[in-house]
Every structure is written in C-alpha cells, then in structure tokens.
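Ready to practise reading a protein structure? Open the viewer, take your time, and try each exercise before you look at the solution.

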Protein chains: 2
Amino acid sequence: MVMSLQNVLDARKRIDSYIHTTQVMQSSQLNDLADAELFFKCEHLQKVGAFKARGAVNAVFALDDDQASTGVATHSSGNHGAAVARAAKLRGIPAWIVVPENALASKKAAIKNYGAEIIECASTLEARESSLADLVSDKQCQVVPPYDDNYVIAGQGTAGLELLEQVDKLDCMVTPVGGGGLLAGCLLAVDGKIPVYGAEPAGADDAYRSFTTGVRIESHNPNTIADGLRTVLGVKNFEIIKAHAEDILLVTEEEIVFAMTLIWTRLKQVVEPSSAVTLAAVLKNPEVFRGRRVGLILTGGNVDVGNLPF
Amino acid sequence: MVMSLQNVLDARKRIDSYIHTTQVMQSSQLNDLADAELFFKCEHLQKVGAFKARGAVNAVFALDDDQASTGVATHSSGNHGAAVARAAKLRGIPAWIVVPENALASKKAAIKNYGAEIIECASTLEARESSLADLVSDKQCQVVPPYDDNYVIAGQGTAGLELLEQVDKLDCMVTPVGGGGLLAGCLLAVDGKIPVYGAEPAGADDAYRSFTTGVRIESHNPNTIADGLRTVLGVKNFEIIKAHAEDILLVTEEEIVFAMTLIWTRLKQVVEPSSAVTLAAVLKNPEVFRGRRVGLILTGGNVDVGNLPF
C-alpha cells in the first residue's frame, strides 16, 4: 500500500468526532528570539494530552467488527498507551497495554483511568515486544503499533493537515521524530507543498543517522530526557521520511531543556521535553528558519510536575 | 466618584487596542472533579502574563498629557510593576518601579525588559510606600497605585466583562482577592447580574476578616505561597467589595498547591499560585458550586520554574 495525502484525509473523516481541533499559539517574545514567525500547534491540549490520540483512534476504528471484538493491545512508554486505552473505551472493546517499568507515573495513571489493563515489563524494546507477543497469543487481540503502522501514521498526519489549514502561508513545518509516526504523517499531509523537518535529540539520533545514510538503524541505546523520543524509527515511517523529509535536525539535552523553559515561561504551556525539540532545533538553525513562517507541533503535555528538569 | 459598570465599559474602550481578549478554557476532568462546569479565563496569557496589564493601561492612558509628561511610578511585587512599565512604554513616557527585595527574579526581569527603572526596597508595605513617596517627590511623576485606584479597578474589571460575554449563562464568578482590584472590578462589571465570590489564602485573610466584620483590616502579616495576594485590601476596593461581593472563601496552602497541580496537569497551563486559589475554593465548597456554571479567572502565569512548590 502506497501511502498518500488521501490516507490522511480518510483518517480525518474517521476520527473527526473523537478528537479536538487544537488551537495554534504564538508568542511575540519567541518570534523575536527566533527572528521568525512561530506557530505552535497545541497537541498537548489534545485528548489524552498528546497527538497520539489521533493515530490510536484511527487504527482502532479502522478495525472491522470481527477484528475489534477480541480487543486491542500495544506497548508504549505512555502517551500511545493512554491513546489506545481511550480509543478502545470509545469503541467499547477491551485493551491491554505493555508498559516499561520506568514509564512516568502520570502516564501509567492515565492508561488505568481509561479502563485498560497494564502489563509491566523491563524497559528494553526486546522486553516490550516479547511481552506484547505473549499477550497477543494469549488474548488473540489486535495489535495497535505505536508508530510503524499505516493507520497510525495517517492518523498522526491529521495534526499537520490542520496546522496547514489553520496558518495562512506557512513556509515550513517542524515535528519531533521518535518512531516517526508524526513526521511521516505530516509529510503525507503536506503532500510536498512545504518542506517538513524532523527534530531529534542527539542522544537518540537513529532517525538522523538513518536519514543521512539511507539505511535504517534497527536498534540504539537512547539517552535523552525526551522520553517520548527514545523509540527506534519504524520501517514504514522510514520509507516515507527517507523519500520526503527535508532534513533531520539534532539538538542537545541542554538545548531541549532551554527550549522547554521558554515554552513554559513565554507560552505558559505545560509541555513534556519531547515537545521542546522543535523549538530547540529552530533556535539552533537560524540560517534555515530566519524570516520564515514556521509551524511547530507541541506533541504532548504529560509530565510529572514533581520531577522537572529545572 | 461612585463607580459603576459604566467605568468598566469606558476602560474597555480605552485599553482595547493594547490588550488581548484572552480565551476561556475547560477541562472535562476538572468538571468531573468539581461536579460543576468550570470556565477558566486565561489572563495568564494576557500581555505581561497577568490581568494587571488591563488596569495599568487604563490608568496610564487616562492621564492627560501634562500629567503624563513627567512619567509614572508604582510599587509592586511584580505583575503590576511589569504592567505599568509596559503601559508607560506604550505611551512613550518614563516609569520607575519600587520592588521589594524578595520579589521573584522573573518578575523583576519583566519590568526591566519594558525599559523601566527598578528601585529595590525592604519587603514591608511601609518600606514600599516610603520608597515610592521619596521617588515621587524627586521625579514629580504620577503614581499608578497597584489596586486602590478607580482607573485600576475599572481596568481589571474588563476581564470579568469579557468572561461574562464569552460564556453563555454563567451562574457565578470567582476571583482571587489580594488588594481587591480584580474582585472589585469584576463586581462592577457583572453589575449584580450574577454573584461574584472572592477566594483568598487563609494565610493572608485580611479581605475575609474585613468583609465579615465590615471594618477594613489596615495591615497584616501574610504568610502564603500566593505572592500576588500578600497585599492588604484597598480602601476603594473594600467599599465595592463590602457592598456587592457574595462571599470571601478561604483556602489553605495545601489546597492552593493541590489546585495549582491540577491546573498544570489537567489544563496544561503554567499559572502562578495566586491563580489557583479560585479552583481551590470551588473544590472546597461543593455545596456552593455543585451543578453551576462557574467562571474562574486565572490571574497570572509568572513563576520561577526553577523554584516550584511540587
């Protein structure tokens, strides 16, 4: 299946009544700092506090009734888990979420809140995948992958579609890249009309290395505060990103925390570190963004306020 | 001069082009928790990050050219200072701000950012007032009082006026009360159409004691995390509050921090402790607010993110 803008348009129709059209915010202070016009798409104000609500609803509602009847499962460090739990609840089917033991307490609480069952495992990708495989074999349920899935990709892309429609004459877009669901979806959504950049922590630079070498990195040892971006770039995601992304921009941990502080103190928005990599990338690359109208996606706002990096 | 709704309407005309019409936010989780419909007026997204932008612009632009020519001065622990500095800059006149030495660094930085001169003093009301008196005698400038002033009161009231227009069938309104500018202004704005409650830290309960005894408390020793509410209720403010407020509701420090955490994690909004007393009061008094459509004013978002209470 070759993915295109049409998949994103189909996704929007499917999920429209279950998600928010999130607002776009601006700050004259941040514009001055970046010497550009920045438009922040507030997906931290989305249902479950993250853009992941989009892909999960799209994937769960794309199942036929037979497939859906046995329920759904996934593995997730947090936001995708809550999103699948919520989507299952909306559809009235059971959900099981495999969660690494080091996941944030706030994210585990959100999953439980939506009535899903949590299965804890070690924090490696291998442990997550094997726990999920055991679960699926036991329950005979459907897997909703966190990012490496056409319906998930198309669903996340609806955030980019909205942003493109909400801001007149946008010059480019920047999204964080972890597994690559959002970046790939946004690339489909803009359909070549404007360039889309990925922003990634240098401590989890698999997408950068995959993109620059043309060969997908299959595993890595991420070391970043941006807990939503520790996953490895997906196969389907990489195909789309390799073909269409303008560039992948790396940022340091210090740059992430600085950008996060700016978003908290200037925009007054509570966002998680993963949301700050885009602003960090824009501030780091003035030669790319100066004078342009830049769309940035604030991906999520689920933080443990008792454990902040500043 | 007897103050009325007309003063607030006049203020709106005067300040309209210099301030934001701030949005109103809702959270289904917070509605469930309160068993009421809560409408949060986002004055932390106002210019200078606080409703104080309103009163300051109204007072500074109400001066005639002769009065304005020598500049303006005030004393403030922060938001009003930044607001006066900004209003003076907009009008193109100098400003001097007396700031207690224990004021937050972020608030002092904001004042300097708008080009005003900061004069530091001890943190007592007496020290602030005597520093300001010296300054005025030296510079022959106009004082813009932080709250005990008809133009300031009318300006702050425009926040309540907007909220009343933005939310259909609002049943009541809750504002924090410190010096009483916002509460008094909102009482004028609603003009008896709905009840307005003040919410106050128990550790700075001068408005509560003044309201319940009918005699204004003239000084106190506040002990509260809500740094914006440590001031003593003003004379003009008290007259309006005594005549029109429905009640003053007290909350503890623990209740303030809990409500602040809810606003940060559910609404995803960065607000200062003073902003959280209203939600704390609503959660504490279900017999008053259950089932009602309640407007709450989030008054400001200027916090030192490196020094948070959780």
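Below are five exercises on this predicted model, each with a worked solution.

**Exercise 1. Two copies**

Task: Find which operation superposes chain B on chain A, and which residue of chain B comes closest to the rotation axis.

Solution.
- Step 1: Chain B is superposed on chain A by a rotation of 180 degrees, with 0.0 Å of shift along its axis and an RMSD of 0.0 Å.
- Step 2: The two copies are therefore related as by a two-fold rotation axis.
- Step 3: To find the axis in your viewer, look for Gln269(B): among the residues of chain B, its C-alpha comes closest to the axis, at 2.5 Å.

**Exercise 2. Where the chains touch**

Task: Work out how many residues of chain B are in contact with chain A, and which helix of chain B gives the largest share.

Solution.
- Step 1: On chain B, 15 residues are in contact with 15 residues of chain A.
- Step 2: Helix H12 (residues 253–267) of chain B gives the largest share of the side that touches chain A, with three residues.
- Step 3: By residue type, the side of chain B that touches chain A has six nonpolar, eight polar and one charged.
- Step 4: Now compare the copies. The interface residues of chain B are, to 100%, also interface residues in chain A, so the copies meet through the same surface.

**Exercise 3. Two domains in one chain**

Task: Say where the domains of chain A lie along the sequence and which helix gives the most to the side of domain 1 that touches domain 2.

Solution.
- Step 1: In chain A, domain 1 covers 5–51 + 149–298, and domain 2 covers 53–143.
- Step 2: The C-alpha centres of domain 1 and domain 2 of chain A are 23 Å apart.
- Step 3: Where they touch, 24 residues of domain 1 of chain A are in contact with 17 residues of domain 2 of chain A.
- Step 4: Helix H1 (5–15) and helix H8 (150–166) of chain A each supply at least two residues of the domain 1 side. H8(A) gives the most, with seven residues.
- Step 5: That side of domain 1 of chain A divides into twelve nonpolar, seven polar and five charged residues.

**Exercise 4. Two sheets**

Task: Give the strand order of the six-stranded sheet in chain A and of the four-stranded sheet in chain B, then find the helices that pack on them.

Solution.
- Step 1: In chain A, the open sheet of six strands runs in the order E1-E2-E10-E7-E8-E9, with mixed pairing. Its edge strands are E1 (24–25) and E9, each pairing on one side only.
- Step 2: At one edge, E1(A) and strand E2 (residues 37–42) of chain A pair in the antiparallel sense over two bridges. Here Met25(A) stands opposite Phe40(A).
- Step 3: H8(A) packs on this sheet, touching E1, E2, E7 and E10 of chain A, with a direction at about 145 degrees to that of E10(A). Helix H9 (residues 181–190) of chain A also packs on the sheet; H9 touches E7, E8 and E10 of chain A, at about 160 degrees to the direction of E7(A).
- Step 4: At the other edge, strand E8 (residues 196–201) of chain A pairs with E9(A) in the parallel sense over five bridges, and Ala199(A) stands opposite Leu249(A). Four of the five residues of E9(A) are buried.
- Step 5: In chain B, four strands form an open sheet in the order E5-E4-E3-E6, and the pairing is parallel. E5 (117–121) and E6 (142–143) of chain B each have a single partner strand, so one side of each is left without a neighbour in the sheet.
- Step 6: Helix H5 (residues 79–91) of chain B lies across E3 and E4 of chain B, at about 175 degrees to E4(B). Helix H7 (residues 125–139) of chain B lies across E3, E4, E5 and E6 of chain B, at about 170 degrees to E3(B).

**Exercise 5. One residue up close**

Task: Decide whether Asp206(A) is buried or exposed, and list its contacts beyond four places in sequence.

Solution.
- Step 1: Asp206(A) is found in helix H10 (residues 206–213) of chain A.
- Step 2: A residue counts as buried if 20 or more other C-beta atoms lie within 10 Å of its own. Asp206(A) has 26 within 10 Å, so Asp206(A) is buried.
- Step 3: Leaving aside neighbours within four places in sequence, Asp206(A) is in contact with Ile217(A), His220(A), Val232(A) and Leu233(A).
- Step 4: Leu233(A) is 27 residues away from Asp206(A) along the chain, yet their C-alpha atoms are separated by 6.8 Å.

How values were computed:
Residues numbered from 1 in each chain as written. Chains lettered and ligands numbered in written order. Predicted model: local features only at pLDDT ≥ 70, side-chain atom pairs only at ≥ 80, totals over all residues. Contact = placed C-beta atoms within 7 Å. Nonpolar A, V, L, I, M, F, W, Y, C, P; charged D, E, K, R; others polar. Domains from an automatic or database assignment. Least-squares fit on C-alpha atoms with pLDDT ≥ 70 in both. Buried ≥ 20, exposed ≤ 12 C-beta atoms within 10 Å, placed from the backbone. Pairing = 2+ DSSP bridges. Axes fitted to C-alpha atoms, helices over the stretch in contact; angles between N-to-C directions.
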